[in-house]
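Visitor: Could you walk me through this protein model, one question at a time?
Guide: Gladly! Let's look at the picture together and begin.

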Amino acid sequence: MKKSILIIVLAFIASVGFAQLSFGPKLGVNISKLSTDIDENTTAILDATKAGVQLGAYVRVGTKVYVQPELLFSIRGGQTGYYNQAKELIQGDYKMSAIDIPVLVGVKALNLPLVKVRAYAGPVASFVISKNFSINDVEQSIDDLNPKDAVWSATIGAGVDVLMLTLDVRYELGLNNLSGLDGTTLKNNMFNVSLGWKIF
């Protein structure tokens, strides 16, 4: 049994060694948007976008088909508004910073020596570091929203590599509810453009 495990580990190390490996830092801009459905009697009338930033690093392993895990720090949020049952306009603003861990599986549709075109998709796990919530420009206790500390998303995107630069455009769809309140659905969707530098 131990010999079989050792053979599998050595085969994995050898495959990674012969596979094309690259890594480097990246910096991006987020355009995020909250989607909200308070309950069956109150529907969101405003879902405004909010700009943020994202920075971190990536590792890419593979040739034509590749795997790309990333470790990113991101700031995102959104604005939403709705009329309550008393016909009062309620506007909320939510902002959070998080550690994002995407694990992408991609394919190089065009693989030339100087230019590569990629398409990819995969899950994203986000762990919230800080969060801020306000209603009608008045800061609220974050306990009022009871937001989740772990967020799951799915992302799909495309990228272009030119020499040592890598440009990515992706869309991230929130999968789980950010709000911990009964009858409140709050999901964060995000559009991201990033520029990276391949160290090798």
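**A walk through the model**

Visitor: Before anything else, how many nonpolar, polar and charged residues are in the lining of the largest cavity?
Guide: Keep in mind that this is a predicted model. The lining of the largest cavity is made up of Gln20, Ser22, Arg60, Gly62, Lys108, Lys116, Asp161 and Lys198. Sorted by class, these come out as no nonpolar, three polar and five charged residues.

Visitor: What is the volume of the largest cavity?
Guide: The structure has one cavity of 30 Å³ or more. The volume of the largest cavity is about 40 Å³.

Visitor: Which elements does the chain have, and in what order do they run from the N terminus?
Guide: The chain has one helix and nine strands. Starting at the N terminus, the order is α-β-β-β-β-β-β-β-β-β.

Visitor: Asp161 and Arg60 both turned up in that lining. Which parts of the chain does this pair tie together?
Guide: Asp161 and Arg60 form a salt bridge, with their closest N and O atoms 2.8 Å apart. Asp161 lies in strand 7 (residues 150–162) and Arg60 in strand 2 (residues 42–62), so the pair ties together parts that are 101 residues apart in sequence. The parts you asked about are therefore strand 7 and strand 2.

Visitor: Are Asp161 and Arg60 buried or exposed?
Guide: The cut-off helps here: a residue is called buried when its relative accessible area is under 20%. By that rule, Asp161 and Arg60 are both buried.

Visitor: Which residues are linked with Arg60 in a network of salt bridges?
Guide: Let's follow the contacts from Arg118. Arg118 forms a salt bridge with Asp161, where the closest N and O atoms are 3.1 Å apart; Arg118 is in strand 5 (residues 115–135) and Asp161 in strand 7, 43 residues apart. Arg118 also meets Asp168 in a salt bridge, at 3.2 Å from N to O, and this pair links strand 5 with strand 8 (residues 165–174), 50 residues apart. The residues linked with Arg60 in the network are Arg118, Asp161 and Asp168.

Visitor: How many salt bridges does the structure hold?
Guide: We have met some of them already, including the one between Arg118 and Asp168. The structure holds seven.

Visitor: Now for the nonpolar side. Which residues make up the largest nonpolar core?
Guide: In soluble globular proteins, nonpolar side chains tend to be buried together. Here the largest nonpolar core has eight residues. Strand 4 (89–111) and strand 5 each supply at least two of them. The residues are Leu34, Tyr94, Met96, Val128, Phe133, Val151, Leu178 and Leu186.

Visitor: Why does Gly122 count as buried?
Guide: Gly122 has its place in strand 5. Buried means under 20% relative accessible area. Gly122 counts as buried because its relative accessible area is 16%.

Visitor: Which residues does Gly122 touch, leaving out those up to four places away in sequence?
Guide: One distance gives a feel for the fold around Gly122: its C-alpha atom is 9.6 Å from that of Glu172, which is 50 residues apart from Gly122 along the chain. The residues that Gly122 touches are Val103, Leu104, Ser153, Ala154 and Thr155.

Visitor: Stepping back, what share of the contacts with a separation of 6 or more comes from residues 24 or more positions apart?
Guide: The chain has 200 residues, and 38% of them are buried. Of the contacts with a separation of 6 or more, the share from residues 24 or more positions apart is 66%.

Notes:
Residues are numbered from 1 along each chain as its sequence is written. This is a predicted model: local features need pLDDT of at least 70, side-chain atom pairs count only at pLDDT 80 or more; totals for chains, interfaces and linings use all residues. Side-chain values use heavy atoms; hydrogens and water are left out. A salt bridge is a side-chain nitrogen of Lys or Arg within 4 Å of a carboxyl oxygen of Asp or Glu. Helices (H or I, at least four residues) and strands (E, at least two) are DSSP runs, numbered from the N terminus. Buried means under 20% relative accessible area, exposed over 50%, partly exposed in between (1.4 Å probe, protein chains only). A nonpolar core is a set of buried Ala, Val, Leu, Ile, Met, Phe, Trp, Tyr and Cys residues joined through side-chain atoms within 4.5 Å. On a 1 Å grid over the protein atoms alone, a cavity is a set of points where a 1.4 Å probe fits but cannot get out, and a pocket is an open set with protein on both sides within 12 Å along at least five of seven lines; lining residues have an atom within 4 Å of a point. Grid points are joined across faces, edges and corners, and a volume is the space filled by probe spheres set on the points. Ala, Val, Leu, Ile, Met, Phe, Trp, Tyr, Cys and Pro count as nonpolar, Asp, Glu, Lys and Arg as charged, and the others, Gly among them, as polar. Contact means heavy atoms within 4.5 Å.
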